[in-house]
Amino acid sequence: VMPRTDDTARAWRGTLGPAVYDYRALGAEADVVRVMAYDQHAGRTRPGPVAGLPWVRAVAAYAAATVPPERVELGVCTYGRAWSGRSAASLTGPGARSLARRHGARVRFDAAQAESTFRYRADGGPRTVWFCDARSVAARVRVARQRGFRGVALWAAGTELPGVCGAPLTPHTHRADTSGGRLALRAGRGVLAQAHGAVHAAQPRRGPPVGPAHRNGPPTASSA
């Protein structure tokens, strides 16, 4: 479902209407409600974090208040966006790093937003890039764990930087079991692992295994 932070009918990304998703009604009927806690900034918005941590916390807080937490999966981004004005192109994590190297741009990790960002100039105009890395994903999984959510779902497989898969989300690494194409984490701890080479998920709390995440494919990769 689209992300919401309150009961108002405000637009998302300028034209979309998250209010059509009644979280309370869905939570009463659905086994799992997967919340798209990403694309805070995208096409038609000013440059900004793809899913800034304060915004993700607000999305998670609304979901926890309206849906039984054990039914919620928090959608977590692994990609980035590059802005020229209000036009934004999708980037994979590796594509963002490659773009920064090509333009000699300094990548800065914004601790408040828990995302990496850099700026450069191309075709006579400024460009702004925001993207997620392993630290970004770990911070969002901690939000899911703190809320007692069922798990997280990463969007999207194939866009992530090295270190996202297999990266420990706590000071202690625990083995992940991917037998049967499902991911169950031991001891209620978080470790990102890879299932069948394409689908990634994380289990931030004790409970049933997390099912396969997003099979519809990654956003369009771009490096220009």
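Reader: How many residues of β2 are buried in this model?
Author: The model is predicted, and in it strand β2 is mostly covered. On one side V72, L74 and V76 are buried, and on the other E73, G75 and C77 are buried, which leaves both faces covered. In a regular strand the side chains alternate between the two faces of the sheet. The count of buried residues in β2 is 6 of 6.

Reader: Which residue stands opposite E73 in β2?
Author: Strands of a sheet pair through backbone hydrogen bonds, either parallel or antiparallel. β1 and β2 pair in the parallel sense, over 3 bridges. The residue that stands opposite E73 is R34.

Reader: Is the crossover from β1 through α2 to β2 right-handed or left-handed?
Author: The chain leaves β1, passes through α2 and arrives at β2, making a β-α-β crossover. The rule is to look with the strands pointing away from the viewer; a path that runs clockwise from the first strand over the helix to the second is right-handed. This crossover is right-handed.

Reader: Which residue of β8 stands opposite V76?
Author: β2 also pairs with strand β8, residues 151–155, in the parallel sense over 5 bridges. Opposite V76 in β8 stands L154.

Reader: What do the buried residues of α2 pack against?
Author: Helix α2 covers residues 53–66, and its 14 residues should span 20 Å at 1.5 Å a residue, which agrees with the 20 Å between its end C-alpha atoms. Its buried residues include L53, W55, V56 and V59. They pack against α1, β1, β2 and α4.

Reader: Why do β4 and β5 each have one side without a neighbour in the sheet?
Author: The open sheet has 5 strands in the order β4-β3-β7-β6-β5, with antiparallel pairing. β4 (87–91) and β5 (108–110) stand at the edges, so each has a single partner strand.

Reader: What angle does the direction of helix α4 make with that of β6?
Author: Helix α3 (residues 93–103) packs on the sheet, touching β4, β6 and β7, and its direction makes about 45 degrees with that of β6. Helix α4 (residues 134–147) packs on the sheet too, touching β5, β6 and β7. For α4 and β6 the angle is about 140 degrees.

Reader: Which backbone oxygen does the side chain of R127 reach?
Author: R127 lies in strand β7. With 15% relative accessibility, under the 20% cut-off, R127 counts as buried. Its contacts beyond four places in sequence include W83, S84 and F118. At 3.2 Å, its side chain reaches the backbone oxygen of A122.

Conventions
Residues numbered from 1 in each chain as written. Predicted model: local features only at pLDDT ≥ 70, side-chain atom pairs only at ≥ 80, totals over all residues. Heavy atoms only, no water. Pairing = 2+ DSSP bridges. Helix = DSSP H or I, 4+ residues; strand = E, 2+ residues; numbered from the N terminus. Contact = heavy atoms within 4.5 Å. Axes fitted to C-alpha atoms, helices over the stretch in contact; angles between N-to-C directions. Expected span 1.5 Å × (residues − 1). Buried < 20%, exposed > 50% of the residue type's maximum accessible area, 1.4 Å probe, protein only. Polar contact = N/O pair within 3.5 Å; in protein donor to acceptor, adjacent residues only side chain to side chain.
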